[in-house]
Amino acid sequence: MMASVRCELFIYEAQSLKDKRSVLQSVLRKVRQRCNVSAAETGYQQTWQRAELSLCAVAASKKSAEAELLRALAIIDQAEAAERTLTNWEWA
């Protein structure tokens, strides 16, 4: 089972692309270290207060893939510098 999540983030205090990248690199590093998912910035790469992240998990069951992605989303939600807004799930 493969599951993917695409979520948008609003980065409050970013005043430049450099600020944005700093926040995103921190969030992505934590997600990759703590969860068994692939994660990347996939949208709004030239917009300094908005970002789109895509996460993907492959597992033997839907429940396992969903649990891993929910853990990753919880890590993203813990980031004080960013707020998750839209979140879309896809299953394959």
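These notebook entries record what I looked up in a predicted model.

**Entry 1. The sheet**

I began with the strands. I found an open sheet of four strands in the order β2-β3-β1-β4, with antiparallel pairing. The edge strands are β2 (38-43) and β4 (82-91), each of which pairs on one side only. From one strand to the next, the twist averages 25 degrees.

I then went through the pairs in turn. β1 and β3 run antiparallel and are joined by nine bridges; within this pair, A3 has A57 of β3 as its bridge partner. β1 and β4, also antiparallel, are joined by eight bridges. In β4, I noted E83 as the bridge partner of F10, and T87 as the residue opposite C7. Between β2 and β3, which run antiparallel, I recorded five bridges, and the partner of A40 in β3 is S54.

I also checked how far β1 is covered. Seven of its ten residues are buried, and β1 is thus mostly covered.

**Entry 2. The helices against the sheet**

I next looked up how the helices lie on the strands. α1 lies across β1, β2, β3 and β4, and runs at about 155 degrees to β2. α2 lies across β1, β3 and β4, and its angle to β4 is about 165 degrees.

**Entry 3. The nonpolar core**

Which elements give two or more residues to the largest nonpolar core? I first noted that this core has 27 residues, and that those with the most contacts inside it are I11, V31, V37, L53, L55, L69 and I76. The elements in question are β1 (2-11), α1 (17-34), β3 (50-58) and α2. The largest share, six residues, comes from α2.

I followed I11 further. Not counting residues up to four places away in sequence, I11 touches K20, V23, L24, Q49, A51, A81 and A82.

**Entry 4. E68 on α2**

I turned to an acidic side chain, E68, which lies in helix α2 (residues 62-78). Is E68 buried or exposed? Its relative accessibility is 18%, so E68 counts as buried, the limit for that class being under 20%.

What does the side chain of E68 reach? I found the backbone nitrogen of N36 at 2.7 Å. The side chain of E68 also makes a polar contact with the side chain of R71, at 2.7 Å. Leaving aside neighbours within four places in sequence, I listed R34, C35, N36 and V37 as the residues in contact with E68. Of these, V37 also appears among the core residues with the most contacts.

**Entry 5. Y44 in the hairpin**

Finally, I looked at the loop between β2 and β3, where Y44 lies. The hairpin of these two strands has six residues between them. Y44 has a positive phi of about 55 degrees, although Y44 is not a glycine. I set this against the general pattern: most residues other than glycine have a negative phi. Why does Y44 count as partly exposed? The reason is its relative accessibility of 30%, since partly exposed covers the range between under 20% and over 50%.

Methods. Residues numbered from 1 in each chain as written. Predicted model: local features only at pLDDT ≥ 70, side-chain atom pairs only at ≥ 80, totals over all residues. Heavy atoms only, no water. Buried < 20%, exposed > 50% of the residue type's maximum accessible area, 1.4 Å probe, protein only. Polar contact = N/O pair within 3.5 Å; in protein donor to acceptor, adjacent residues only side chain to side chain. Contact = heavy atoms within 4.5 Å. Core = buried A, V, L, I, M, F, W, Y, C linked by side-chain atoms within 4.5 Å. Pairing = 2+ DSSP bridges. Axes fitted to C-alpha atoms, helices over the stretch in contact; angles between N-to-C directions.
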